Amino acid sequence: MASNDSAIPPHAHAAVSMEVPLKTSAPPPEYSATRGAGGSKKHAVVDVFFRVVLFATSVAAIVLLVISNQTELIPIAPGIAISRTGKFSHSPAHINLLATLCTAALYSIITGLISVFALRKPGGTSTKLNFHFVIVDSLLLGIMAAATGASGGVSYVGLKGNSHSRWNEICDTYDTYCLRVGASIALSLASSVTLLLLVWINVYALSKKIARR
């Protein structure tokens, strides 16, 4: 009597073995898509937060710069003094800083609203939007850093003077003016750092999306 194994054709074993499902450690596509959407949402939330910070620091710097005017009596002879007002508009560097801060405040409102609308979408911010944010944030970062540096240089001369150029310090007379301008420059520096963080956040989000493809 022939055995049961000899009764089964050889190709039947191959067919049976091919029907065994392959084990894989890769997650299902639905899981990967859900996880990717969750990460994109987190990046969008952080992006909105820092754009609110950018708006707050820019507006505060604008207010301090605008209200920095100070009027003092400057003695020119014994018993004679004239009234002089220290204004931020006397320096082109401060005017440039004010224009840059206004641009940053308006930009933060527009991009913040765009990020909020992106949060309402299922996939969060798109790759194209992250790319645009990186480009424009980097451009504004360069402008803001340049304006802050130029204004800081002029303010330093007003604080310390320059004996080689015969420029006298003015902060011993216009103390409130210098204090407010200095605070405005510090907030402008904070705005620059915030823009730098926004660039990093969007570059990171962009790299994550590219890696998942």
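The legends below describe close-up views of one predicted model.

**View 1. Overall layout of the protein.** The predicted protein contains six helices and two strands. Read from the N terminus, the order of elements is α-α-α-β-β-α-α-α. Of its 213 residues, 32% count as buried. Among contacts between residues at least 6 apart in sequence, 76% join residues at least 24 apart.

**View 2. The largest nonpolar core.** This core has 28 residues. Those touching the most other members are L65, L97, L101 and L195. Four elements give two or more residues to the core: α3 (29–66), α4 (92–119), α5 (127–160) and α6 (175–211).

**View 3. Surroundings of L195.** L195 is one of the core residues that touch the most other members. Residues up to four places away in sequence are not counted here, and the contacts of L195 are then L54, D137, L140, L141 and M144.

**View 4. Packing of α5 and α6.** Two packed helices are described by the angle between their axes and the distance between the axes. For α5 and α6 the angle is about 160 degrees, and the axes lie 8 Å apart. An angle over 145 degrees counts as roughly antiparallel, so α5 is roughly antiparallel to α6. The crossing in which α5 passes α6 is left-handed. The residues of this contact comprise 17 nonpolar, 11 polar and two charged.

**View 5. Packing of α4 and α6.** α4 meets α6 at an angle of about 45 degrees, with 12 Å between the axes. The two helices are therefore oblique to each other. α4 passes α6 in a crossing that is left-handed. On the α4 side of the contact are H94, L97 and L101, and on the α6 side are Y177, V181, S184, I185 and S188. The residues of this contact divide into five nonpolar, three polar and no charged. Two of the α4 residues shown, L97 and L101, are also among the core residues that touch the most other members.

**View 6. Surroundings of L98.** L98 belongs to helix α4. Its relative accessible area is 16%. Buried means under 20%, so L98 is buried. With neighbours within four places in sequence left aside, L98 is in contact with I62, L65, V66 and F88. I62 is 36 residues from L98 along the chain, yet their C-alpha atoms are separated by 6.2 Å.

**View 7. Surroundings of F88.** F88 sits in the loop between β2 (80–86) and α4. Like L98 in the previous view, F88 is buried, and the relative accessible area of F88 is 12%. Not counting residues up to four places away in sequence, F88 touches L65, V66, S68, N69, H94, I95, L98 and Y177. The C-alpha atoms of F88 and S68 are 6.9 Å apart, while 20 residues separate the pair along the chain. L65 and V66 appear here as contacts of F88 and in the previous view as contacts of L98. H94 and Y177, both touched by F88, also take part in the meeting of α4 with α6.

How values were computed: Residues are numbered from 1 along each chain as its sequence is written. This is a predicted model: local features need pLDDT of at least 70, side-chain atom pairs count only at pLDDT 80 or more; totals for chains, interfaces and linings use all residues. Side-chain values use heavy atoms; hydrogens and water are left out. A nonpolar core is a set of buried Ala, Val, Leu, Ile, Met, Phe, Trp, Tyr and Cys residues joined through side-chain atoms within 4.5 Å. Buried means under 20% relative accessible area, exposed over 50%, partly exposed in between (1.4 Å probe, protein chains only). Contact means heavy atoms within 4.5 Å. Axes are lines fitted to C-alpha atoms, for helices over the stretch in contact, and angles run from 0 to 180 degrees between N-to-C directions. Angles under 35 degrees count as roughly parallel, over 145 as roughly antiparallel, 65 to 115 as roughly perpendicular and the rest as oblique. A crossing is left-handed if the near helix is turned anticlockwise from the far one by less than a right angle, and right-handed if clockwise. Ala, Val, Leu, Ile, Met, Phe, Trp, Tyr, Cys and Pro count as nonpolar, Asp, Glu, Lys and Arg as charged, and the others, Gly among them, as polar.
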